[in-house]
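Biologist: Hi! Could you walk me through this structure? I'm new to this, so plain words please.

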Amino acid sequence: MEKLLEVKNLSISFTQYVQGLNRHDLRVISDLTIDVNSSEIVAVLGSSGSGKSLLAHSILGILPYNAHVTGEIKYNGKTLNQELKEELRGKEICLIPQSVNFLDPLMKVSEQAIGECKDDDEHKEKKIRQREIFDKYGLDESVDDMYPFELSGGMARKVLLSTALVGNPNLLIADEPTPGLDAKSVEETIQDIINLKKEGKGVLLITHEINVALKTADKIAIFYSGYVIEINKAENFNSADTVLHPYTKALINALPVNGFKFTDGVQPLEETLGCPYWENCPDRFDKCENHKPDLVNHDGIMIRCFKYEEADNGA
Amino acid sequence: MIKINTKRLAKFLGFKAIRLLILLVVIAAISFIMIQLSPIDPVRAYLGQRIVSQEQLAIIGRYWGTDLSLTERVFGWLQTLASGSMGFSLIYRVPVTEVIVQKFLASLTLMLVSWVISGVVGFGLGVIAGAKEDSLADKAIKTYCYILQSSPTFWIGLVLLMLFSVYLGWFPIGLSVPIGQLSDTVTFWQWLHRIILPAITLSIVGIASLTMYTRDKLINVKKSDYFLFAQARGESFWGIIKNHGIRNILLPAISIQFLSFNELFGGTILVEQVFAYPGIGQATVAAGLRSDVPLLLGIVIVSAIFVFAGNFIADLIYQYVDPRLRSEGDE
Amino acid sequence: MSELPWYNKGLFSSLNLRQKTLLTIGLTGLVLLIIFICGWMTNANLPTDFSIKMQAPSFQHPFGTDWMGRDMFARTLKGLSLSIMIGLAASILSSIIATLLAFLASINRACDEFVSWLIDLFASIPHILLIMMISIGLGKGAFGVTMAVAFSHWVNLTRVLRAEVLQINTSEYVLLSRKFGKSKLWIAKEHILPLVLSQIFVGTLLVFPHAIMHESSVTFLGFGLSPHEPAIGIILSESMSYLAMGAWWLAFFPGIALLIVVLLFDIIGDNLKRLIDPSEANK
């Protein structure tokens with residue numbers, strides 16, 4: 001079976017000019033590999049502000065032009081080049097953005113959900129579809145004429161979800177869908193995402209909230225310092241024994257203390273020569289300092305750690 | 001569409017009216033004092049090379065009020081103003097109000113035409129440059145603006161005059177009305193023929209600043225989250241520029257254009273001088289050079305009102321057209 | 001893995017943006033200096049020779065000659081150096097005014113209100129008209145026009161500095177200094193001035209082109225330098241009388257020379273601004 005979305009060895013870096021116009025290269029995502037099937041929810045879990053969103057932007061082809069991208073992205077087995085991205089986005093691949101800032105502040109929300117139309121007929125058709133979806137999420141007709149700043153937090157979230165669904169996509173990318181929402185709204189969002197999966201859609205969930213990931217996802221990828229260090233089944237995250245990477249274990253162990261919140265921890269800001277977790281790792285080897293482990297398959301779990309590479313080699 | 005909250009509007013207007021009043025009184029007083037303190041003797045400047053007797057000098061001096069103290073003169077001037085009169089123009093020999101109305105109307109057409117040209121062209125160029133940032137078109141537009149912003153208005157006028165009037169002979173060299181014809185018998189084409197060069201000169205400088213402003217604004221919109229999301233939803237590039245870009249920069253651009261009344265008036269003074277266009281600008285220069293103090297002060301006050309009107313309209317647009325600000329006061 | 005930063009590479013590796021910016025500033029400055037010195041050294045009393053009056057540009061007289069047979073190139077150079085001098089004086093003066101007003105605004109609320117009101121007041125009269133009025137008030141001439149330009153160009157820099165000072169004033173280290181009982185003057189001198197110095201410097205440079213342009217405009221109208229001075233504004237207003245005769249060089253060359261000088265100052269100012277605040281280069 002073809003995978004819906006395959007990302008292989010994706011790296012994204014930026015060129016920046018700092019004070020005095022000195023050049024500085026900044027790597028945000030390194031060697032990222034992940035895939036998503038239909039009717040599957042895959043969560044990318046990482047601290048906020050770590051650049052996870054760029055994964056979404058890269059899939060949709062909306063990175064700023066000073067970004068350097070290497071690696072490969074495939075959709076239904078076809079390589080997603082810029083042309084194909086531009087063709088598919090908004091139709092087969094849709095983004096659920098994180099906040100109301102992603103809506104044009106001076107445009108009525110219904111028009112934004114409908115989007116660009118070639119003629120009046122298309123507009124009418126899409127208007128009906130938009131109304132259906134808005135109804136489905138309990139947004140009545142008075143919402144149609146509202147401007148984004150008039151929406152309440154819960155309404156805004158539903159509008160954002162609806163705008164993504166008007167095009168009836170196969171793959172949804174949810175970028176931090178629950179920022180600063182109250183507990184009830186978070187529950188609703190979780191339910192909405194699970195329903196999308198039941199309708200057969202693939203969902204790539206990018207978040208820093210571990211409970212949202214745990215309650216919705218089938219697979220969880222841990223994003224640390226620009227690297228994916230482990231991709232494991234969601235149920236394995238219930239215990240520190242069933243996850244593999246030392247960082248993930250530490251993360252799970254710390255959860256009750258942290259009230260089940262994702263901790264940022266201390267992540268190296270600069271590019272490291274060896275394993276990014278080397279400095280904090282309790283199980284480190286000598287070679288971890290100067291050599292980077294690859295993401296390898298260990299009993300069906302993707303892991304980036306010499307501990308398991310050694311074990312496999314020994315076997 | 002636009003809901004007007006009358007109470008809020010009244011408050012807004014009242015506030016603005018008081019501000020304008022204070023502004024005018026201060027400007028009137030300060031500019032009067034400035035002229036009075038000037039080492040240039042108004043009597044001598046007025047008389048020029050004419051030879052007059054000592055007695056005549058004294059009479060003219062009294063007419064100017066040189067025998068009164070400065071404070072008395074300032075209050076006398078403010079009193080005259082409060083009574084609704086601006087005094088008597090010395091060079092045109094009619095009430096200042098009459099001169100200003102007549103000259104200002106002539107300039108108003110010139111300013112309006114160039115204001116519209118610079119608005120439309122400037123906005124258009126700005127959108128193209130901003131949308132296609134760093135393209136060849138953008139670089140060309142940017143260079144054009146850069147050069148225009150650095151060139152004195154009157155010199156551009158001189159160059160256009162040399163090229164189109166002297167060398168090519170397409171346009172007359174001066175005067176908005178053909179000699180020997182009353183101004184109300186001028187046909188539209190004659191008028192257009194004479195206003196085209198001054199209007200283009202005046203608009204050229206306005207184009208540069210509006211273009212750069214529009215370009216910057218559009219580039220900012222392109223960096224916004226909603227622009228990114230519109231792209232992610234598969235809207236076409238020019239579609240996004242049209243639907244989201246222009247939608248978000250049009251209001252600020254229009255209000256910037258209203259805020260440019262200041263430069264517009266200043267530009268008119270220079271352009272009218274170059275093209276010998278008989279408007280408020282020429283009157284200003286004449287009044288200044290020949291020490292027609294009442295006229296000069298009258299023009300300062302009128303120009304301040306003109307600039308204030310521009311700022312006021314810009315404010316009004318923001319307050320009543322932008323949906324975010326519009327509903328703010330309604331609760 | 002990552003590339004070495006530029007300063008670790010060989011000294012003669014290809015130029016990066018920083019070096020290019022510095023080079024631009026240096027070269028532009030040099031050109032302006034040459035223009036200024038050449039103009040300054042030119043004799044103000046140019047020889048008049050009516051046998052060569054009103055000649056079109058040639059190798060001998062690249063900018064042509066005027067109605068008294070004076071070389072227009074020499075007159076233009078002289079005019080430019082005069083413009084640069086007046087521009088320099090006016091922009092330094094206006095920066096001083098702006099700095100003083102910005103500090104005045106930081107004293108208390110009433111002062112701040114007053115400065116804002118002053119800004120509104122000066123922005124409410126058309127620029128050219130304001131310069132004309134001040135120049136007339138001070139008796140025209142070099143002094144009048146320099147003061148007039150200085151007193152009408154402080155507005156933008158004051159706005160910038162006022163915001164900057166306000167921000168520094170509410171920062172933690174200033175609050176701490178205040179707790180230690182340091183006087184306002186001490187804080188202004190030790191903390192605020194060093195931080196805003198670069199802003200003032202760039203601000204002065206950015207005022208420069210406007211100052212030059214407005215001086216020549218007002219002189220052109222007859223409210224600036226006297227007709228005996230070799231100013232660009234005077235040259236251009238003289239040229240008006242000969243335009244109809246087709247003496248285009250009288251207006252064209254002096255104007256384009258002025259444009260180039262203004263443009264060069266603009267380039268220096270912009271490049272310097274980018275060097276200090278790199279946000280614009282990040283694209």
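Modeller: Happy to! First a definition: helices and strands here are DSSP runs, of at least four residues for a helix and at least two for a strand, numbered from the N terminus. Keep in mind as well that this is a predicted model.

Biologist: Got it. So how many helices and strands does chain A have?

Modeller: Chain A comes to 10 helices and 12 strands. Its radius of gyration is 21 Å, close to the 20 Å that the globule rule gives for 315 residues, so chain A is as compact as a globular protein of that length.

Biologist: And what does its C-alpha trace span along the principal axes?

Modeller: About 65 × 45 × 45 Å. Of the 315 residues in chain A, 40% count as buried. If you take the contacts between residues at least 6 apart in sequence, 64% of them join residues at least 24 apart.

Biologist: Let's zoom in on H7 of chain A. How many residues does it have?

Modeller: Helix H7(A) has 16 residues, 183–198. From first C-alpha to last it reaches 23 Å, close to the expected 22 Å.

Biologist: Which residues of H7(A) are buried?

Modeller: A:Thr189, A:Ile193 and A:Leu196 are buried. Looking down the axis of H7(A), you'd find the buried residues within an arc of 55°, so they line one face of the helix.

Biologist: What do they pack against?

Modeller: Several elements of chain A: strands S3 (41–45), S7 (171–175) and S8 (202–207), plus helices H6 (153–165) and H8 (210–216).

Biologist: And which exposed residues sit on the face turned away?

Modeller: That face of H7(A) carries A:Ala183, A:Lys184, A:Gln191, A:Asn195 and A:Lys198. Just after the helix, A:Gly200 takes a positive phi of about 95°.

Biologist: Switching topic: how many residues of chain B are in contact with chain C?

Modeller: 39 residues of chain B are in contact with 35 residues of chain C. Helix H7(B) gives the most to chain B's side, with 8 residues. By class, that side divides into 27 nonpolar, 11 polar and 1 charged.

Biologist: Staying in chain B, at what angle do H11(B) and H13(B) pack?

Modeller: At about 145°, with their axes 8 Å apart. B:Phe261, B:Asn262 and B:Phe265 in H11(B) meet B:Ser303, B:Phe306, B:Val307 and B:Gly310 in H13(B).

Biologist: How many of those are nonpolar, polar or charged?

Modeller: The contact of H11(B) with H13(B) has 4 nonpolar, 3 polar and no charged residues.

How values were computed. Residues are numbered from 1 along each chain as its sequence is written. Chains are lettered from A and ligands numbered from 1 in the order in which they are written. This is a predicted model: local features need pLDDT of at least 70, side-chain atom pairs count only at pLDDT 80 or more; totals for chains, interfaces and linings use all residues. The expected span of a helix is 1.5 Å times one less than its number of residues. A residue is buried if 20 or more other C-beta atoms lie within 10 Å of its own, exposed if 12 or fewer, and partly exposed in between; C-beta atoms are placed from the backbone. The arc is that of the directions from the helix axis to the C-beta atoms. Two residues are in contact if their C-beta atoms, placed from the backbone, lie within 7 Å. Ala, Val, Leu, Ile, Met, Phe, Trp, Tyr, Cys and Pro count as nonpolar, Asp, Glu, Lys and Arg as charged, and the others, Gly among them, as polar. Axes are lines fitted to C-alpha atoms, for helices over the stretch in contact, and angles run from 0 to 180 degrees between N-to-C directions. The radius of gyration is taken over C-alpha atoms; the globule rule is 2.2 Å times the number of residues to the power 0.38.
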